[in-house]
Amino acid sequence: MAVTSLYVTEEPGSGLAEVDICTLEINITYEVIPSIVCSVCFSFGLIYCLFGYRCFKMVMFFSGFMYSTAAVLLLYHKEPTINTQLGTETKVGIGLGVGVLCGLMTMLVSTMGLLLSGLQLGSLLSLAILVVIGQFHSLTPVWVPLIAVLAASIVTAVFTLQWQKLFTVIYTSVFGAAAVMLCVDYLLGTFALPDQVYDMLCQVAPRPLCWFNWAITGIWPALSLIGVLVQWRFTAKGVSHTEAAHKNQKKDVKKLKYRESRRRPQSQRRRRRPPPLKRYAGDVLAPSYLQSLQERQMGTGSSTSSVSTITHTLIDFDFETGSMVPLTAASPVFTV
């Protein structure tokens with residue numbers, strides 16, 4: 001991949017006016033692996049920009065993944081001994097392992113994911129503004145841009161935790177538009193915008209941007225605005241990540257209770273007992289006595305006087321252990 005950007009400057013003494021010509025001559029020879037990575041990033045950038053809030057869990061995962069992977073790469077850059085002792089496969093494996101672990105953590109703990117998303121949003125916006133300012137003014141000393149990036153990141157992180165849906169939509173739109181812009185910059189063969197950030201942080205005089213560099217840079221704010229409007233009006237309308245989390249928790253609790261009730265044996269399940277019978281004190285009679293009284297009422301007794309003596313007695317013979325109502329005193333009977 002090659003591109004020719006010509007800055008032709010004629011000396012004033014030569015008799016010609018000073019002329020600055022910035023032309024774009026594209027001689028592109030794409031490599032396989034970088035082209036595949038660029039295509040994947042372009043697709044993910046569009047998904048982020050237009051459907052970012054719909055894919056909230058995915059956004060939180062990639063937020064932690066990119067942050068941790070960038071930290072590992074920075075560690076390799078600052079520690080040459082680690083970079084030389086470890087092989088390429090080992091370094092890639094360590095970076096991917098740390099990235100996946102941090103991505104899972106930010107996906108499961110949404111507060112941490114939102115915090116990292118706010119930090120990335122602030123750093124992206126502040127770096128873009130500083131690159132534009134660096135084209136016209138000198139950003140010295142080095143702690144000036146660093147403090148600006150740090151302050152903007154902290155402010156946006158706090159705002160993201162306060163207004164989660166709004167700043168998640170803004171973050172996904174801005175991040176997706178930035179990915180699309182970098183992919184277009186690579187496909188056109190320039191890839192000059194990352195060099196501008198590196199020159200600014202290394203306190204090197206930045207190279208002036210040509211008209212096509214400004215055109216590529218203009219993709220970022222335009223696509224970011226489109227993404228925010230599309231998400232807020234269509235794709236993210238009526239969707240809330242907090243309500244979805246509460247619904248999932250309720251479903252999990254219901255499923256757990258149902259499984260516990262199915263696993264419980266049949267004998268351990270509670271059965272409704274009949275209400276206890278109301279008894280009166282002193283009403284418990286022997287079954288033999290009740291049987292003799294029943295025989296006397298049926299006419300099998302030995303004397304008629306004994307039958308007449310119990311005509312005023314009320315007994316429940318269906319109950320084997322005692323009567324349900326108090327017994328009435330028998331009235332005296334006189335026979336002639």
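**Exercise 1. Describe how helices H2 and H7 pack, giving the angle and the distance between their axes.**

Solution. Step 1: H2 and H7 pack at an angle of about 60 degrees, and their axes are 12 Å apart. Here a helix is a DSSP run of H or I with at least four residues, a strand is a run of E with at least two, and both are numbered from the N terminus. An axis is a line fitted to C-alpha atoms, for helices over the stretch in contact, and angles run from 0 to 180 degrees between N-to-C directions.

The model is predicted: local features need pLDDT of at least 70 and side-chain atom pairs count only at pLDDT 80 or more, while totals for chains, interfaces and linings use all residues. Residues are numbered from 1 along each chain as its sequence is written, and side-chain values use heavy atoms, with hydrogens and water left out.

Step 2: the crossing of H2 and H7 is left-handed. (Left-handed: the near helix is turned anticlockwise from the far one by less than a right angle; right-handed: clockwise.)

Step 3: H2 contributes Phe56, Val59, Ser63 and Met66 to the contact, and H7 contributes Thr168, Tyr171, Thr172 and Phe175. A contact means heavy atoms within 4.5 Å.

Step 4: sorted by class, the contact of H2 with H7 has 5 nonpolar, 3 polar and no charged residues. (Nonpolar: Ala, Val, Leu, Ile, Met, Phe, Trp, Tyr, Cys and Pro; charged: Asp, Glu, Lys and Arg; polar: the others, Gly among them.)

**Exercise 2. Find the crossing angle of H5 and H7, and name the class of arrangement it gives.**

Solution. Step 1: helix H5 covers residues 110–134, and its axis comes within 10 Å of the axis of H7. The two axes cross at roughly 50 degrees.

Step 2: H5 and H7 are therefore oblique to each other. (Under 35 degrees counts as roughly parallel, over 145 as roughly antiparallel, 65 to 115 as roughly perpendicular, and the rest as oblique.)

Step 3: H5 passes H7 with left-handed crossing geometry.

Step 4: on the H5 side the contact is made by Leu114, Ser117, Gln120, Leu121, Leu124 and Leu125, and on the H7 side by Gln164, Phe167, Thr168, Ile170, Tyr171, Val174 and Phe175. These residues divide into 9 nonpolar, 4 polar and no charged.

**Exercise 3. Repeat the analysis for H7 and H10.**

Solution. Step 1: H7 spans residues 164–187 and H10 spans residues 219–235. Their axes come within 8 Å and cross at roughly 140 degrees.

Step 2: H7 and H10 are therefore oblique to each other. Their crossing is right-handed.

Step 3: residues of H7 that meet H10 include Leu166, Val169, Ile170, Val180 and Val184. Among the H10 residues that meet H7 are Ile219, Trp220, Leu223, Gly227 and Trp232.

Step 4: the residues of the contact of H7 with H10 divide into 14 nonpolar, 5 polar and 1 charged.

**Exercise 4. For Leu46, Thr69, Leu115 and Ile219, decide which are buried and which are partly exposed.**

Solution. Step 1: note the cut-offs. Buried means under 20% relative accessible area, exposed over 50%, and partly exposed in between, with a 1.4 Å probe and protein chains only.

Step 2: Leu46 lies in helix H1, residues 32–51. Its relative accessible area is 33%, so Leu46 is partly exposed. Not counting residues up to four places away in sequence, Leu46 touches Phe51 and Val180. Leu46 and Val180 are 134 residues apart along the chain, and their C-alpha atoms are separated by 7.0 Å.

Step 3: Thr69 lies in helix H2, residues 56–78. With a relative accessible area of 18%, Thr69 is buried. Leaving out residues up to four places away in sequence, Thr69 touches Gly95 and Gly99.

Step 4: Leu115 belongs to H5. Leu115 has a relative accessible area of 35% and is partly exposed. With residues up to four places away in sequence not counted, Leu115 touches Ala157 and Leu161. Leu115 and Met60 are 55 residues apart in sequence, and 9.8 Å apart from C-alpha to C-alpha.

Step 5: Ile219 sits in helix H10. At 26% relative accessibility, Ile219 counts as partly exposed. Between Ile219 and Val184 there are 9.1 Å in space, C-alpha to C-alpha, and they are 35 residues apart in sequence.

**Exercise 5. State how many helices and strands the protein has, and what share of its residues is buried.**

Solution. Step 1: the protein has 13 helices and 2 strands.

Step 2: of the 336 residues, 27% are buried.

Step 3: among contacts between residues at least 6 apart in sequence, 70% join residues at least 24 apart.
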